[in-house]
Amino acid sequence: MAASTALSSSITTFKSSPFQPRASSINPLPSVKFPSISSNNPLISHFVSAPKNSTVAPLRSAAASTTPETTKTATTFHGLCYVLGDNIDTDQIIPAEYLTLVPSNPDEYKKLGSYALCGLPSSYQTRFVEPGEFTSKYSIVIGGDNFGCGSSREHAPVALGAAGVLAVVAESYARIFFRNSVSTGEVYPLESEKRICEECKTGDVLTVEIGDSRLINHTTGKEYKLKPIGDAGPVIEAGGIFAYARKAGMISAREA
Amino acid sequence: MAASSAIASSSTAFINKKDVGLFAFSSQSSFSVQTARKRISKKIVSVMTPQQTERKPATTGSVKTGMTMTEKILAKASDKPDVSPGDNVWVNVDVLMTHDVCGPGSIGIFKKEFGQNAKVWDREKLVIIPDHYIFTTDERANRNVDILRDFCNEQNIKYFYDIKDLGNFRANPDYKGVCHVALAQEGHCRPGEVLLGTDSHTCTAGAFGQFATGIGNTDAGFVLGTGKILLKVPPTLRFVMDGEMPDYLLAKDLILQIIGEISVAGATYKAMEFVGTTVESLTMEERMTLCNMVVEAGGKNGVIPADKTTYDYLEEGLLCPMNLFIVMKEPACSEFLTDEHWEIVCLKDCNLSSKPHSPDNRALARECKDVKIDRVYIGSCTGGKTEDFMAAAKVFLASGKKVKVPTFLVPATQKVWMDVYSLPVPGSGGKTCSQIFEEAGCDTPASPSCGACLGGPKDTYARMNEAQVCVSTTNRNFPGRMGHKEGQIYLASPYTAAASALTGYVTDPREFLQ
């Protein structure tokens, strides 16, 4: 996809808060990450190609690799990246003093976004979220090894999601952060095949193609292979495990 | 078994050269160099079995269903005859613990997904322990404890360790303090069971021979409604530690050594099992310290086989009658994974500290002896247990001197606080820890809670509000962990922390203990 046309477009990401309708049962569109027209941030665009009914596969099993049917989603993100290093722990993503905010409360969810990555040391000169803002202009976070290590606080992927982050691309993840990202559906925790945090700079324009497991840095013109997100993809796309389970018929649709 | 593949699978160990020969490994020059430099003594030796999932015991023909501790527990909890690493299994949860930081969010998800009138799956299997942000005027923090209380009343939760009078914690007989220590003291940690908690240090409970790991709010919300969770069976890294523990070392030194060896991501997605005569000689509290920090190596869970020490601890507190335990026999080595052992030489010299800003930034205490410090903190689930304060008191007693920097003491629980004020310190002529601390010029032991280990609200006792240097018995030293972003935290054992308080520099406790 040509970057220039994408950039001039004003389709921006619609990132819903968890209490807004995300589950497909009450969602007007079957594809959950849906674009909406607005003009407040023209650089961050988010394309969803024609909602392709992605295969709903059972959770990954040992035999998955031999199954020819691969789970593929067609989600593509486009936006500015914010680049971090190794071992970005949950205290840097959301310092413990803000854990009094309860993510399941919509107002406090929004507020968590304003504090995302505010625990980074001052060696990071560019602020992730500008003072007074609730969201960041950077929708893709690039990291090194062991991203999200430390505590089990779900506030970490939630803060990133609330700030408008759609995907994190890192070399590897700490286990609980990865699981929380998938469970909540807040961000795609994508793994790069090589160390890209040293080849991207904060502010570079990127495209992440989930389906093709590809990352393109339009600023440098380089392209990188990502590790497939696999069966976690549809879960995140649905908006988390509960929404996915309802969509897949594993649990019944909500009564209320 | 090809030695080369084994080496490749764990590049972190440095191998004792003699044993390399013994086990017929092909020698690699890089290892030899390290060995020559680092080899000191074998008094304490840890042996790590490399992970070899592809070589199941069944393939050797000698054993049919060899399983590690972790696999046995998860097989039982998922009603399967056996499980293997990588299997995704639905596990029945024996205990779910949550606290004031993640409880309200978990409850929110539970209500949203299961309905406003939904009931938790088992009112006796949920344990709710306010402990993080208690002694603060932060309104939202106080509100979060209120949310827990309302929920527990509504659901008639059996185990809720409430606090209402924030002015004096002792006016709250139900209040315990730090959840991981309280879980053990109140008998919620039982061999063979599955314990989940909305806190990464839930892995502490693995010291009791059970599967214990931390989960997020959404997973906890699911468990609240169903009592089940989908888990992937982790492969096991096994650490065999044999030998007599020198009297200046504590379990904290061992785990810092291991994390330094395998790095903060060395055990990601894996179980860490600790066995050997050294581990067998450790008390329950020391075993808890060992398991507590497996998450700092990225580990999913830590586990130590239950033995007489475990059962004595449980019986002493009348926590659980013997017949309730599911005794998991520790598998024989041949049944386990492999017949090859790797040696990591655990430095005899190691009163360790982890330098800022990562728990695997290992150094010897005496290598940091020129680091001037501003404060010392003794507390948390890692280093705020009764024996941790006893250890600190032992150093103060041996020195007879006063501390040179502010020394903050935060007992993990109300019971630990009582012990600090009542148990006599051996060799002191009947003095309690609190008396020794007072004579040494420490701050008065504070109200039990997680306190400043993770920063917390601005008015948290002993929080690092300035860019200071702290020696701490806690578990993490990432930037900003204890409050100030530019603060520097040296993680250390209670011995090393106390010795450092006495000199104002990072100090090897043998300066006072010998």
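Author: Let's start with a rule: two strands pair if DSSP finds at least two bridges between them. The model we'll apply that to is predicted.

Reader: Okay, so in β18(B), which residue is the bridge partner of B:Cys470?

Author: The partner is B:Ile489. B:Cys470 belongs to β17(B), and β17(B) is joined to strand β18 (residues 488-492) of chain B by four bridges, with the two running parallel.

Reader: And which strand does β15 of chain B join?

Author: Strand β15 (residues 375-379) of chain B runs parallel to strand β17 (residues 469-472) of chain B, with three bridges between them. B:Cys470 turns up again there, standing opposite B:Arg375.

Reader: How do I read a whole sheet, then? In what order do the five strands of the open sheet in chain B come?

Author: You list the strands as they sit side by side. Here the order is β5-β4-β3-β6-β7, and the pairing is parallel. At the edges are β5 (159-160) and β7 (211-214) of chain B, each with pairing on one side only. Further in, β3 (residues 95-98) and β4 (residues 126-128) of chain B share three bridges in the parallel sense, and one such match puts B:Met97 with B:Val127 in β4(B).

Reader: What about burial along a strand? Why is β10 of chain B largely enclosed by the rest of the structure?

Author: Count neighbours: a residue is buried if 20 or more other C-beta atoms lie within 10 Å of its own. Five of the five residues of β10 (residues 271-275) of chain B are buried, so that strand is largely enclosed. Look at both faces: B:Ala271, B:Glu273 and B:Val275 point one way, B:Met272 and B:Phe274 the other, and all are buried. β10(B) also pairs with strand β9 (residues 236-242) of chain B, parallel, over five bridges; B:Met272 has B:Leu237 opposite.

Reader: Let's try helices. Which residues of α18(B) are buried?

Author: In general, an α-helix has 3.6 residues a turn, so residues three or four places apart point the same way. For α18 (residues 494-503) of chain B, nine of the 10 residues are buried, so to speak a mostly covered helix. The buried ones run through B:Pro494, B:Tyr495, B:Thr496, B:Ala497, B:Ala498, B:Ala499, B:Ser500, B:Ala501 and B:Leu502. Just after the helix sits B:Gly504, with a positive phi near 80°.

Reader: Now a single residue: is B:Ser422 buried or exposed?

Author: Exposed, because B:Ser422 has 10 C-beta neighbours inside 10 Å. B:Ser422 lies in helix α16 (residues 414-422) of chain B. Its C-alpha is 5.8 Å from that of B:Thr432, with the two positions 10 residues apart in sequence.

Reader: Which residues have the most contacts inside the largest nonpolar core?

Author: The general idea is that in soluble globular proteins, nonpolar side chains tend to be buried together. Here the largest core has 215 residues, and the best-connected ones inside it are A:Ala116, A:Ile140, A:Ala159 and A:Val169. Leaving out residues up to four places away in sequence, A:Ala116 touches, among others, A:Ile93, A:Phe128, A:Val129, A:Ala159 and A:Leu160.

Reader: Zooming out, how is chain B divided into domains?

Author: Into domain 1 (3-59 + 234-329 + 337-345), domain 2 (89-232) and domain 3 (352-513). Between domains 2 and 3 of chain B, 20 residues of the former are in contact with 19 of the latter. On the domain 2 side, helix α7 (residues 179-185) of chain B gives the largest share, four residues. That side has nine nonpolar, eight polar and three charged residues. The centres of these two domains, over C-alpha atoms, are 27 Å apart.

Reader: And between the chains, which element gives the most to the side of chain A that touches chain B?

Author: That's α5(A), with six residues. In total, 42 residues of chain A are in contact with 46 of chain B. The chain A side divides into 15 nonpolar, 17 polar and 10 charged residues.

Reader: Last one: which domain does UniProt list for residues 140-191 of chain A?

Author: An unreviewed UniProt entry gives "Aconitase A/isopropylmalate dehydratase small subunit swivel" for that span. In the model, residues 140-191 of chain A are 35% helix and 21% strand, with end C-alpha atoms 13 Å apart.

Definitions and conventions:
Residues numbered from 1 in each chain as written. Chains lettered and ligands numbered in written order. Predicted model: local features only at pLDDT ≥ 70, side-chain atom pairs only at ≥ 80, totals over all residues. UniProt positions renumbered as here; feature names shortened; annotations may be inferred. Domains from an automatic or database assignment. Contact = placed C-beta atoms within 7 Å. Nonpolar A, V, L, I, M, F, W, Y, C, P; charged D, E, K, R; others polar. Core = buried A, V, L, I, M, F, W, Y, C linked by C-beta atoms within 7 Å. Buried ≥ 20, exposed ≤ 12 C-beta atoms within 10 Å, placed from the backbone.
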